[in-house]
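These are my notes from going through one model. I started with the chain as a whole and then looked up single sites.

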Amino acid sequence: MKIDPDGLLPQARYIASPNCDERPPGEAITLLVLHSISLPPGQYGGDAIERLFTNRLDPAAHPYFRDIVAQKLSSHFLVRRDGELLQFVPVQRRAWHAGASCWRGRSRCNDFSVGVELEGADDQPFADSQYAVLADLTRALQRAYPIQDCVGHSDIATPPGRKTDPGPHFDWARFRSLIKSG
């Protein structure tokens, strides 16, 4: 995998999200933030995540959607349970994924991070295919940008405890081992 000059990954299916903007001038991309998402909660497949990130979520399709339909969210990438990789925002643009956040004394993590969503939930393990694709994606991002840290949304959300993803079932040791072995 290789990120192209436009910040796109040819191996990913690109679905443009309007929920992004320019990064601050001169801001280096130094952080990778891992999230988990399932819509409706605990359910996989379907197009609800794509619809959420493109402002096309139907609030009548599920009761939970009424609570989130007005949110303007995005992520750079989504890794589905089967390993399918989607991209919503070119890497050099700022995706709206982290919200109120702080890492190593720096706030506004969206300014200097790449957001990757894993289709999943806090109470379930992630799929083998997700780890493999995430490791390949991470190596591609590390080759293209000066990424220094990889953290969970739970590590940066402010106030602490506001977010729990990617959750206790994400195997950080396995992920790091796969990055090194690739």
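What radius of gyration would a compact globule with 182 residues have, and what does the protein chain have? The rule gives a value near 16 Å, and the protein chain has 15 Å, which agrees. I keep in mind throughout that this is a predicted model.

**Whole chain**

I looked up the extent of the C-alpha trace next: along the principal axes it spans about 40 × 35 × 35 Å. The protein chain holds five helices and ten strands. I read off that 49% of its 182 residues count as buried. For contacts between residues at least 6 apart in sequence, I noted that 72% join residues at least 24 apart.

**Largest pocket**

I then went to the largest pocket, which holds about 590 Å³ of space. It is lined by 28 residues, and S36, I37, L73, H153 and K163 are the closest to its centre. I asked which element gives the most to this lining. It is β3, with three residues. At least two residues each come from β3 (31–37), α1 (48–53) and α2 (63–68). I sorted the lining by type and got eleven nonpolar, eleven polar and six charged residues.

**Cysteines**

I searched for disulfides and found zero. C102 is in none, and the nearest cysteine sulfur, that of C109, is 6.3 Å away. C109 is likewise in no disulfide, with the sulfur of C102 as the nearest at 6.3 Å. A disulfide needs the two sulfur atoms within 2.5 Å, so this pair does not count as one. Are these two cysteines buried or exposed? C102 is partly exposed, at a relative accessible area of 30%. C109 counts as buried because its relative accessibility is 0%, and the cut-off for buried is under 20%.

**D58**

I found D58 in the loop between α1 and α2. Its relative accessible area is 42%, so I entered D58 as partly exposed. D58 and V69 are eleven residues apart in sequence, and their C-alpha atoms are 7.4 Å apart in space.

**A95**

A95 is in strand β6, residues 93–95. I entered A95 as buried because its relative accessible area is 0%. What does A95 touch, leaving aside its neighbours within four places in sequence? I listed N19, C20, S74, S75, H76, V89 and N110 as its contacts. One of these contacts is H76, and A95 and H76 are 19 residues apart in sequence but 6.1 Å apart C-alpha to C-alpha.

**Backbone points**

I looked up cis peptide bonds and wrote down two sites. T158 and P159 are joined by a cis bond with omega of about -5°. D165 and P166 are also joined by a cis bond, with omega of about 10°. P159 is found in the loop between α4 (153–156) and α5 (172–181), and P166 is found in the loop between α4 and α5.

I also checked for positive phi at residues that are not glycine. R104 has a phi of about 50°, and I placed R104 in the loop between β7 (102–103) and β8 (106–107). With a relative accessible area of 65%, R104 is exposed. R108 has a phi of about 60° and is found in the loop between β8 and β9 (113–119).

Key. Residues numbered from 1 in each chain as written. Predicted model: local features only at pLDDT ≥ 70, side-chain atom pairs only at ≥ 80, totals over all residues. Heavy atoms only, no water. 1 Å grid on protein atoms, 1.4 Å probe; cavity = no way out; pocket = protein on both sides within 12 Å on 5 of 7 lines; lining within 4 Å. Points joined across faces, edges and corners; volume = space filled by probe spheres on them. Helix = DSSP H or I, 4+ residues; strand = E, 2+ residues; numbered from the N terminus. Nonpolar A, V, L, I, M, F, W, Y, C, P; charged D, E, K, R; others polar. Buried < 20%, exposed > 50% of the residue type's maximum accessible area, 1.4 Å probe, protein only. Rg over C-alpha atoms; globule rule 2.2 N^0.38 Å. Contact = heavy atoms within 4.5 Å.
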